[in-house]
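Reader: I have a structure on my screen and a list of terms that I do not trust yet. Could you go through some of them and show how each one is earned?

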Amino acid sequence: MVMLLQDAEGPPMLCDLCLAQVCQSLSSLCSMRADGSMSLIWAPVFPQETADQLLNHMAAKEILNDTTVGIFRNCKELRLRRASIQSCPLSAEAFRLALCPHRLLELDASWVSGGLTGADIVSGLASNPECRSSLQRLSLNGLRMDWESLEANGGIHVGFSSLRGLRMLNLANTDLNDAALEDICNLPHLETLDISCSAISKLTALLECKNTLRSLIAHRLRHLDMSPAQLLFVFSQLHALKHLDFSEDHFSVDDSDGRDGDETVRQLLEGSPQVLPSLVSLDISGRKRISEAAIRSFVESRSGLVFLGLLATGVSSCDFFSTQKSLKVTGEADENQVCEALRRYRDRECFIREALVHLYSLTTDTDKPQPDVLKLVVSGMQRHPTSLHIHLVATACVFNLTTQDLAQAMPISLLSSTVTQLLNTMKNFPNHQQVQKNCLLALCSDYILQEVPFDKYLAAMLVINWLSSHEDPTLQRMAVAVISILVAKLSTEEMAQFSKDIFIMKQLLAIVQQKAMVGVVDSTLKFALSALWNLTDEMPVAARNFIECRGLELYEEVLESYYAEPSIQQKVLGLLNNIAEVEELQADLMEEDLLEHILSLLQDSQVDVGVRYFAGGILAHLASRPDAWTLENELRSTVLKQLHDSIMTWTHLEREMVSYRSFHPFCPLLQTCQPAGVQLWAVWAIHLVCTQNTSHYSSMLEKEGLTELLKALAAHPSTHSDIKGLSDSILSMVEQYQIHAGAFNNQMEPQSS
């Protein structure tokens with residue numbers, strides 16, 4: 001037995017479900033080539049967009065590698081145009097064979113691993129004459145270019161300029177140098193260029209594409225070696241430029257660094273409107289020495305401006321912005337500016353960190369659900385899994401956004417991904433107390449624990465491990481509360497695995513002992529007792545661990561010292577019930593003093609019915625096996641008589657106090673050869689839960705064969721009338737439920753005309 005404790009985004013699309021199934025079944029759909037790569041045994045000609053989606057699904061599910069990417073060597077059936085292999089482990093050879101033969105329009109190879117370099121990708125794509133002209137968008141964010149290794153291995157240095165169709169090129173976070181930039185600027189159609197965090201020292205080469213370049217992203221160019229006058233001259237010549245990002249990482253720059261860049265920005269803002277007059281967006285977040293007056297003048301002289309990045313500049317709270325309704329601003333003045341920053345700077349740790357700090361302050365006392373904001377916070381955590389700074393603040397924001405009743409207004413799928421991310425954070429930062437505390441605070445929500453789907457086994461393990469090294473009373477209470485609910489939610493297989501760990505048993509018993517030593521009655525003690533009760537439910541291994549950890553002796557003390565506390569006694573007796581259900585452990589309960597104390601609880605009419613119920617369960621299980629009874633027979637006879645006499649005085653319980661994983665422990669008690677007291681307790685228990693949750697337990701009775709046992713019991717001539725009455729009542733409930741369920745199902749069936 002165990003203690004009791006619609007999604008707005010809609011269902012997934014059919015196409016996504018089909019692709020997910022293909023990903024899951026790849027091994028059975030494919031044969032293996034001699035080189036170890038996969039090949040589809042048979043495939044129709046995929047719609048072109050579906051081939052792209054399949055590749056993206058495989059990358060997102062982290063199953064795209066040298067083996068699986070082999071299916072895309074079949075260019076006739078699987079025709080790729082917009083390919084994403086972001087963060088996938090691919091070798092140069094696998095990339096060349098599987099992707100380069102396709103007539104690609106777009107390729108995102110950001111942060112790929114497995115030895116694939118930027119040089120490998122460019123030379124591989126250039127080897128396909130069609131790709132040279134067809135490829136329009138290429139992202140190599142986070143890669144080493146490594147032209148030297150390519151040449152050392154006999155490869156030919158083919159520059160970016162050979163990919164003549166390129167319009168967008170992302171080389172952020174690469175070792176891009178000035179020579180390569182000169183080559184890139186010879187591209188005839190280049191419109192968008194991202195050279196953030198690269199090794200570029202000169203931007204003069206940009207003058208070669210001044211008539212085509214519409215967007216320049218040059219965040220954190222730490223090696224830039226140009227005077228403000230030189231930089232302004234280059235910018236002033238970029239006649240087609242609509243979007244300029246010249247922001248800086250304010251966390252990693254001291255007062256002496258970036259001065260030329262800051263001065264360039266100051267002069268740009270205060271200078272002639274003829275410099276970049278058609279600018280639509282300007283990002284100067286992280287820059288210093290910017291005045292509100294300069295910002296006002298710049299915006300007023302450029303009517304087409306729709307975005308201004310001012311995070312960590314100190315000027316985003318300028319009153320002037322209240323009159324600019326069409327201008328979006330990243331900053332810290334209000335929630336709109338902060339959320340805009342979270343949206344635009346997803347891949348920039350410095351700005352996400354800054355935005356989250358301000359978001360935390362803005363949401364500390366929020367009373368309205370903000371699912372869009374929560375989604376932005378989770379996205380930041382997912383994109384920066386190793387950043388302690390981000391996760392420290394983000395987990396605090398998650399708590400602010402889901403506390404009290406706010407979680408209940410969020411889409412279930414969003415809460416599920418949020419909790420999954422919290423668990424990942426707990427795994428990634430196991431020794432950081434504040435991060436763990438923030439995650440625990442967010443998890444300690446009855447709604448989230450009860451209603452939201454997530455890996456509850458992992459959560460329980462993470463929380464129990466955290467509990468072992470922390471003794472803060474408030475956090476201990478929350479941790480034990482979370483564990484007590486999670487344990488009740490585990491599947492039978494998960495519970496079996498969880499219950500094997502004797503360390504968990506020791507942890508929970510230590511908390512019970514700690515509280516019992518001072519005689520305190522608080523929620524921590526109750527949660528710990530509930531967790532232990534749930535942990536031993538139909539789990540013989542856990543029950544044995546309990547005994548081996550001297551839990552029985554501790555519980556005997558608790559039973560006596562908390563005589564006037566029915567809520568404590570119920571939980572203690574509930575666990576002893578679980579032990580009594582295990583035949584090989586019943587001998588451990590055969591202590592005369594213990595059983596006489598339990599018998600006294602059964603007999604005492606002043607004791608809560610819930611306490612007497614569990615006392616009766618222990619005695620019924622022990623008395624059901626006369627051959628295993630090792631105490632005086634007189635005591636067993638008394639137990640059997642008192643079981644019958646006491647149960648007949650119990651009033652019906654309206655509140656749910658117990659649930660059962662199965663009715664298997666009841667089968668031995670319902671045999672026609674059992675004494676009436678044993679049978680009566682069993683049928684009273686089944687009648688109780690069936691009355692409170694007819695639909696759940698009616699199907700369980702049928703499935704596990706207990707209806708046949710009850711019928712046999714009711715029909716047997718020696719069965720006591722009290723037992724027959726309850727048995728008939730249970731069978732009647734089951735029959736009525738089946739009739740109603742059948743009628744409902746018939747109504748739901750389509751009618752033929």
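Author: The model is predicted. A place to begin is helix α14 and helix α15, whose crossing is left-handed. Helix α14 covers residues 371–383 and helix α15 covers residues 388–402.

Reader: Why are α14 and α15 called roughly antiparallel?

Author: They pack at an angle of about 155°, with their axes 10 Å apart. An angle over 145 degrees counts as roughly antiparallel, so α14 and α15 get that description.

Reader: What makes α9 and α10 oblique to each other?

Author: Helix α9 (residues 228–237) and helix α10 (residues 259–270) pack at about 50°, and their axes are 9 Å apart. Angles under 35 degrees count as roughly parallel and those from 65 to 115 as roughly perpendicular. The value for α9 and α10 fits neither class, and therefore the pair is oblique. The crossing of α9 and α10 is right-handed.

Reader: How do you know which word fits α1 and α3?

Author: By the angle again. The axes of helix α1 (residues 14–24) and helix α3 (residues 48–60) cross at roughly 60° and come within 10 Å. Roughly perpendicular begins at 65 degrees, so α1 is oblique to α3. Their crossing is right-handed.

Reader: Now the sheet. Why are β3 and β12 said to stand at the edges?

Author: The sheet is open and has 10 strands, in the order β3-β4-β5-β6-β7-β8-β9-β10-β11-β12, with parallel pairing. β3 (82–84) and β12 (328–330) each have a single partner strand, so one side of each has no neighbour in the sheet. Neighbouring strands of this sheet are turned against each other by 5° on average, direction ignored.

Reader: How do you know that β5 and β6 count as a pair?

Author: At least two bridges are needed for pairing. Strand β5 (residues 137–139) and strand β6 (residues 168–170) have 3 bridges, in the parallel sense, so they count as a pair. One bridge partner is methionine 168 in β6, which is matched with arginine 137.

Reader: Asparagine 170 is in strand β6 too. Is asparagine 170 buried or exposed?

Author: Its relative accessible area is 14%. Buried means under 20%, so asparagine 170 is buried.

Reader: What makes the approach of asparagine 170 and serine 139 a polar contact?

Author: The contact between their side chains is 3.4 Å. The limit for such a pair of N or O atoms is within 3.5 Å, so the value meets the distance condition.

Reader: Why are tyrosine 457 and serine 297 called partly exposed?

Author: Partly exposed lies between the 20% limit for buried and the 50% limit for exposed. Tyrosine 457, in helix α19 (residues 456–467), has a relative accessible area of 22%, so it is partly exposed. Serine 297, in helix α11 (residues 292–300), has 39%, so the term applies there as well.

Reader: How far is tyrosine 457 from phenylalanine 498, and serine 297 from proline 626?

Author: Tyrosine 457 and phenylalanine 498 are 41 residues apart along the chain, and their C-alpha atoms are separated by 7.6 Å. Serine 297 and proline 626 are 329 residues apart in sequence and 96 Å apart in space, C-alpha to C-alpha.

Reader: What is there to say about phi at aspartate 146?

Author: Most residues other than glycine have a negative phi. Phi of aspartate 146 is near 55°, a positive value. Aspartate 146 is in the loop between β5 and α7 (147–152). Its relative accessible area is 10%, which is under 20%, so aspartate 146 is buried. Alanine 312 also has a positive phi, near 60°, and is in the loop between β11 (307–309) and β12.

Reader: Last, helix α23. What makes it mostly covered?

Author: Of its 13 residues, 10 are buried, among them Leu525, Ala528, Trp533 and Leu535. Helix α23 (residues 523–535) reaches 18 Å from its first C-alpha to its last, close to the 18 Å expected at 1.5 Å a residue.

Reader: Which residue caps the N-terminal end of α23?

Author: Aspartate 522 does, with a side-chain oxygen 3.3 Å from the backbone nitrogen of threonine 524.

Conventions
Residues numbered from 1 in each chain as written. Predicted model: local features only at pLDDT ≥ 70, side-chain atom pairs only at ≥ 80, totals over all residues. Heavy atoms only, no water. Helix = DSSP H or I, 4+ residues; strand = E, 2+ residues; numbered from the N terminus. Expected span 1.5 Å × (residues − 1). Buried < 20%, exposed > 50% of the residue type's maximum accessible area, 1.4 Å probe, protein only. Polar contact = N/O pair within 3.5 Å; in protein donor to acceptor, adjacent residues only side chain to side chain. Axes fitted to C-alpha atoms, helices over the stretch in contact; angles between N-to-C directions. Left-handed = near helix turned anticlockwise from the far one by under 90°.
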